[in-house]
Amino acid sequence: MAKRPAEDLAGEQDSLKAGERPVATEKSTDADGFEDEFEDEFESEDEIFEAGVDGRPDEEREAEEKRDAMDVDQKTFIPGRDKLLAGELLSPDVSTYQMLHNLTTTWPCLSFDIVPDQLGNDRKAYPATVYAVAGTQAESKKTSQNELMIMKLSGLSRMDRGKDDEDSDDEEEEDENENADPILETTSIPLPSTTNRIRAHQFPPLNSSKPPTTLTASMMENSDVLIHDVTQQLTSFDTPGTIINPQQSRPVATLKMHSTEGYAVDWSPLVPQGKLLTGDNDGKVFVTTGTEGGRWTPDNRPFTGHQGSIEDIQWSPNERNVFATASSDGTVKVWDVRSKSRKAAVSVKVSETDVNVISWSRQNSHLLASGADDGQWACWDLRQWKPSSDGASVVDPKPVASFDFHKEQITSIEWHPTDDSIMAVAAGDNTLTLWDLSVEFDDEESKDTAGVQDVPPQLLFVHYMEMVKECHWHPQIPGVIMGTGGGGFG
């Protein structure tokens with residue numbers, strides 16, 4: 001297009017339409033040539049301050065904002081303590097999580113265990129991968145649908161907190177990998193009954209070219225104890241073309257020494273070939289030992305002494321002949337498998353209600369934690385529990401620490417695998433809490449709970465989880481904890 005001469009443009013500015021008044025022209029100091037649409041609205045700085053950002057006085061605008069504002073409850077909401085009102089929803093503050101994922105299964109799995117893997121220890125990279133086993137609890141009319149689930153959860157990314165524009169290309173590529181979609185791979189083994197509790201045990205193979213052997217022990221509702229070898233199922237996740245024949249889905253042992261169902265089961269961490277403890281509702285504890293030939297031999301002479309059901313059982317982390325039991329009779333007993341009398345060496349009354357769970361510290365073997373039906377949990381120094389000749393209770397035992405924060409029964413408790421001061425606790429008030437026992441009760445700085453009443457300074461974190469029943473730390477991924485309940489896994 002041809003340029004027009006400057007005089008033509010000047011002539012246009014001089015010619016006016018009917019009714020228009022001539023306006024004196026000034027040179028614009030704006031480099032972009034845009035006029036200020038607000039130039040003539042305000043005549044002084046004082047007037048600008050009075051009118052505010054939207055042309056109205058600040059007082060008028062603030063009054064309207066206050067009138068139209070949503071009614072937000074500024075009170076700290078504590079799951080298990082506070083109740084949601086009709087129409088209210090509870091959602092997690094995702095900024096407090098490094099990683100958060102949820103998984104729902106066809107039937108609830110109220111017991112599970114994390115399986116060690118070959119991906120390395122002390123892992124901090126994302127996305128994370130977790131292997132686990134779980135037993136289902138199908139409805140009574142659909143018992144045939146129960147199964148042992150073997151799972152691989154991969155692509156578990158960290159929470160998306162956004163990223164700066166100045167991130168390098170390498171960091172952006174790493175973020176893309178971290179934000180992978182989660183993947184669930186499962187295989188299952190049919191079970192004849194509901195699983196009350198399941199625990200996994202792993203030991204290295206004789207041939208280094210083969211994967212480690214992974215066993216599971218399931219306490220069933222029909223009182224049987226089933227031992228499965230799930231090595232091939234786990235291998236199938238990472239080795240395409242792996243064939244699982246029907247024989248590999250059958251239990252390697254079915255133990256029938258219990259006459260009633262039970263919830264207590266634990267593998268010895270010090271016996272590679274497998275040594276299993278199981279306890280039932282009759283208060284009886286049996287020991288079953290594996291041999292190199294793959295045979296399982298239960299000792300038919302039970303340990304007895306509890307006046308109620310055995311709720312939980314654990315081997316000592318450093319003494320291969322010692323174990324502890326928790327019972328509905330309110331006691332925790334310590335036993336020696338070499339005892340010919342089959343009676344407890346130590347018995348301590350730790351609660352006036354059922355003792356549901358116990359956990360033996362892997363870092364300090366003299367520390368044992370217990371959780372009871374009244375919502376209280378405590379930490380005990382076993383060096384203060386003196387053996388008695390007749391198994392009588394120690395008089396007036398004193399816990400190292402005791403907490404009554406939870407208002408419903410404690411359903412699971414577990415020491416951190418590498419930090420002897422950190423504890424995870426699950427309770428019937430739909431909460432999974434984390435605690436730091438290194439915080440002193442008289443530490444003035446730690447007493448500041450931001451105005452929230454009746455919260456111990458040792459409480460680190462409260463996570464809402466519907467009907468949570470069990471929780472476990474991942475032994476190879478620091479800070480990662482997995483839980484299960486009526487609402488699924490988290």
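Here a residue is called buried when its relative accessible area is under 20%, and the legends below apply that term to a predicted model.

**View 1. Helix α5 and the strands around its buried residues.** Helix α5 spans residues 231-238, and within it T231, Q233, L234 and F237 are buried. An α-helix has 3.6 residues a turn, so residues three or four places apart point the same way. The buried residues of α5 pack against several strands, namely β1, β2 (128-135), β3 (147-156), β4 (183-190), β6 and β7.

**View 2. The whole protein chain, as a frame for the close-ups.** The protein chain has 490 residues, of which 42% count as buried, and its secondary structure consists of 5 helices and 27 strands. When contacts between residues at least 6 apart in sequence are considered, 56% of them join residues at least 24 apart. The accessible surface comes to about 28100 Å², and carbon and sulfur atoms account for 47% of that area.

**View 3. An aromatic pair between strands β1 and β27.** F112 and F489 belong to a structure that holds 12 aromatic pairs, and their own pair is edge-to-face, with 5.8 Å from centre to centre and 90 degrees between the planes. Because F112 lies in strand β1 (residues 111-115) and F489 in strand β27 (residues 488-489), the pair ties together parts of the chain that are 377 residues apart in sequence. Both partners are buried, F112 as well as F489.

**View 4. The aromatic cluster of F303, W315, F323 and W335, with R342 over one ring.** The four aromatic residues F303, W315, F323 and W335 form one cluster. R342 lies over the face of F303, at a distance of 4.3 Å from the ring centre. This arginine, R342, is found in the loop between β15 (331-336) and β16 (346-349), and its phi is near 60 degrees, which is a positive value in a residue other than glycine. R342 has a relative accessible area of 8%, and because that value is under 20% it counts as buried.

**View 5. A salt-bridge network that links R197, R199, D312 and E470.** The count of salt bridges in the structure comes to 11. In one of them E470 is paired with R199, and the closest N and O atoms are 3.2 Å apart. Since E470 is placed in strand β25 (residues 468-473) and R199 in strand β5 (residues 195-203), this salt bridge ties together parts that are 271 residues apart in sequence. E470 is buried at a relative accessible area of 4%, and R199, at 13% relative accessibility, counts as buried too. The network in which these two residues take part also includes R197 and D312.

**View 6. A salt bridge between two loops, formed by D224 and K256.** The side chains of D224 and K256 meet with 3.0 Å from N to O. D224 lies in the loop between β6 (213-220) and β7 (225-229), whereas K256 lies in the loop between β8 (253-255) and β9 (264-267), so the pair ties together parts that are 32 residues apart in sequence. Which of the two partners is buried and which is exposed? D224 is buried, with a relative accessible area of 12%, while K256 is exposed, with a relative accessible area of 60%.

**View 7. A salt bridge between R383 and D381.** The closest N and O atoms of R383 and D381 are 2.9 Å apart. R383 has a relative accessibility of 54% and therefore counts as exposed, whereas D381, at 9% relative accessibility, counts as buried.

**View 8. The loop between β1 and β2, with P127 and D122.** This loop holds P127, and the peptide bond that leads from Y126 to P127 is cis, with omega near 0 degrees. D122 is found in the loop between β1 and β2 as well, and its phi, near 55 degrees, is a positive value in a residue other than glycine.

**View 9. A nonpolar surface patch made by F77, L84, L90 and Y464.** The patch formed by these four residues has an area of about 330 Å². One of its members, L90, is located in the loop between α3 (58-68) and β1. L90 has a relative accessibility of 35%, and because this value falls between the 20% and 50% cut-offs it counts as partly exposed.

How values were computed:
Residues numbered from 1 in each chain as written. Predicted model: local features only at pLDDT ≥ 70, side-chain atom pairs only at ≥ 80, totals over all residues. Heavy atoms only, no water. Helix = DSSP H or I, 4+ residues; strand = E, 2+ residues; numbered from the N terminus. Buried < 20%, exposed > 50% of the residue type's maximum accessible area, 1.4 Å probe, protein only. Contact = heavy atoms within 4.5 Å. Areas by Shrake-Rupley, 256 points an atom, 1.4 Å probe, with all protein chains shown as cover. Phe/Tyr/Trp six-rings, centres within 6.5 Å; stacked < 30°, edge-to-face > 60°. Lys NZ or Arg CZ within 6 Å of the ring centre and 35° of its normal. Patch = residues over 30% accessible without salt bridge, like charges linked within 9 Å, V, L, I, M, F, W, Y side chains within 5 Å.
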